[in-house]
Amino acid sequence: MALSYYAEELKKTASAIAQPGKGILAVDESTKTVGKRLASIGVENTEDNRKAYRGMLFTTEGLGNFISGAILFEETLFQNHPDGEPMVKKLEKLGIIPGIKVDKGLRPLAGGHDVETFCSGLDGLVERAADYYEQGARFAKWRAVLQITDDGCPSKLSIRENAWGLARYARSVQESGLVPIIEPEILMDGSHSIEKTAAVQEEVIKEVYLACQLNGVLLEGTLLKPSMTVQGADSSTKADPQQVAEMTIRTMERCVPASVPGITFLSGGLSEEAASVYLNLMNKIDRKAKWNVSFSYGRALQHSCLKAWKGSNTADGQKALIARAQANSEASKGLYVAGSQPSSDEQLFVAGYKY
């Protein structure tokens, strides 16, 4: 099949994910990374335990009122719930669209600085995406990572390579019916100012959409997953939440085409509460474009949930998940009252974060 065959379906899927008041649950951690999460609560990293944890998430009553899509790791997409029903079916019963992480991880970028990487996984992607579509996935995710340093990162090479990779991925999965989430993440590592982040982010996102244009990507059938425009984690000057919101929206307005239906921000190491507060303030700003501005959170939706679950406490885990899902749903409409839902204000930043 060609992109033209799926064009209308891609538009409908993207619009369904980007519907007002809903966002994405990112539960696509690799086996190694989810193992670290499980270890933090004293649970062994076995397939049964991974299945139990994700099965708990996907049977949370009412979750579909706040969550429109869930990004899965490949294992989970093809896995059955402990009760024998496919995980995909559990999500569909909640009205949640299944998605899939399709990249094969970060690799060192030859010719780049020591910290610079490219995202691998383009070989055979059209065929893999077709298999994922057959299994029930309707959107995909690919994470490119750039870092700001004092010695010139991200380099022009890194920006161009990662933009091109995102565009090639986007076109490839659209050929097989999957809506691509385009994720050019700017890491929080460093001591740079919020103004520096904004300047770099503008350059990166503009390069991404130039590459998308050259590759014939159907923008109406895509979503953008950027990081928020924040200062480096080690910066001595901390922007207040209102400045973060204003700088982030300004950056998006300068770079993101109006034809993109939704921007689903990643939390990128922000605490659960900060991720909700920043998103809420963004949605109080009058925007020039009509994108749905929402969330695609991993740690900022799961941190309290995981601690409450503790390996077997399904009711408490689901209660914590619903609380953060509702908080972020409200934030995506500019209606969240800070502190109105239980949350952790624990910083979730991890230097050089990989998953």
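At what angle do helix 6 and helix 7 pack, and how far apart are their axes? I started my notebook with that point. The model I am reading is a predicted one.

**Entry 1: helix 6 and helix 7**

I looked up helix 6, residues 125–135, and helix 7, residues 156–174. They pack at an angle of about 50 degrees, and their axes are 8 Å apart. Angles under 35 degrees count as roughly parallel and 65 to 115 as roughly perpendicular, so I wrote down that helix 6 and helix 7 are oblique to each other. The crossing of helix 6 past helix 7 is right-handed. I then listed the residues that make the contact: helix 6 gives Leu125, Val126 and Ala129, while helix 7 gives Tyr169, Ser172 and Val173. Sorted by class, the residues of this contact are five nonpolar, one polar and no charged.

**Entry 2: helix 7 and helix 8**

Next I followed helix 7 to its packing with helix 8. The two axes cross at roughly 45 degrees and come within 8 Å. That makes helix 7 oblique to helix 8. I noted this crossing as right-handed. On the helix 7 side, the contact uses Lys156, Ile159, Arg160, Ala163, Trp164, Leu166 and Ala167. On the helix 8 side I found Glu203, Val204, Glu207, Val208, Ala211, Cys212 and Leu214. The classes for this contact are 10 nonpolar, no polar and four charged residues.

**Entry 3: the core**

Which residues touch the most other members of the largest nonpolar core? I found Leu25, Val102, Tyr169, Leu178 and Val256, in a core of 108 residues. Helix 8, residues 194–214, supplies the largest share of this core, with nine residues. Tyr169 was already in my notes as one of the helix 7 residues in contact with helix 6. For a general remark, I wrote that nonpolar side chains tend to be buried together in soluble globular proteins.

I took Leu178 as the example to follow. Leaving out neighbours within four places in sequence, its contacts include Leu10, Ile100, Phe139 and Ala140. Ala129 and Val173 are also among the contacts of Leu178, and both of these residues appear in the contact of helix 6 with helix 7.

**Entry 4: Gln174**

Is Gln174 of helix 7 buried or exposed? Its relative accessibility is 0%, so Gln174 counts as buried. Not counting residues up to four places away in sequence, Gln174 touches Leu3, Tyr6, Leu10, Pro180, Val217, Leu218, Gly221 and Thr222. I checked one of these partners along the chain: Val217 is 43 residues from Gln174, yet their C-alpha atoms are separated by 7.8 Å.

**Entry 5: three places in loops**

I looked at Pro154, in the loop between strand 6 (139–146) and helix 7. The peptide bond that joins Cys153 and Pro154 is cis, with omega about 0 degrees.

Ser235 sits in the loop between strand 8 (223–224) and helix 9 (241–255). Its relative accessible area is 5%, and buried means under 20%, so I entered Ser235 as buried. Beyond residues up to four places away in sequence, Ser235 touches Gly190, Ser191 and His192.

Lys310 is in the loop between helix 11 (299–309) and helix 12 (314–331). Lys310 is not a glycine, but it has a positive phi of about 60 degrees. With a relative accessible area of 59%, Lys310 is exposed, whereas Ser235 is buried.

Definitions and conventions
Residues numbered from 1 in each chain as written. Predicted model: local features only at pLDDT ≥ 70, side-chain atom pairs only at ≥ 80, totals over all residues. Heavy atoms only, no water. Axes fitted to C-alpha atoms, helices over the stretch in contact; angles between N-to-C directions. Helix = DSSP H or I, 4+ residues; strand = E, 2+ residues; numbered from the N terminus. Parallel < 35°, antiparallel > 145°, perpendicular 65-115°, else oblique. Left-handed = near helix turned anticlockwise from the far one by under 90°. Contact = heavy atoms within 4.5 Å. Nonpolar A, V, L, I, M, F, W, Y, C, P; charged D, E, K, R; others polar. Core = buried A, V, L, I, M, F, W, Y, C linked by side-chain atoms within 4.5 Å. Buried < 20%, exposed > 50% of the residue type's maximum accessible area, 1.4 Å probe, protein only.
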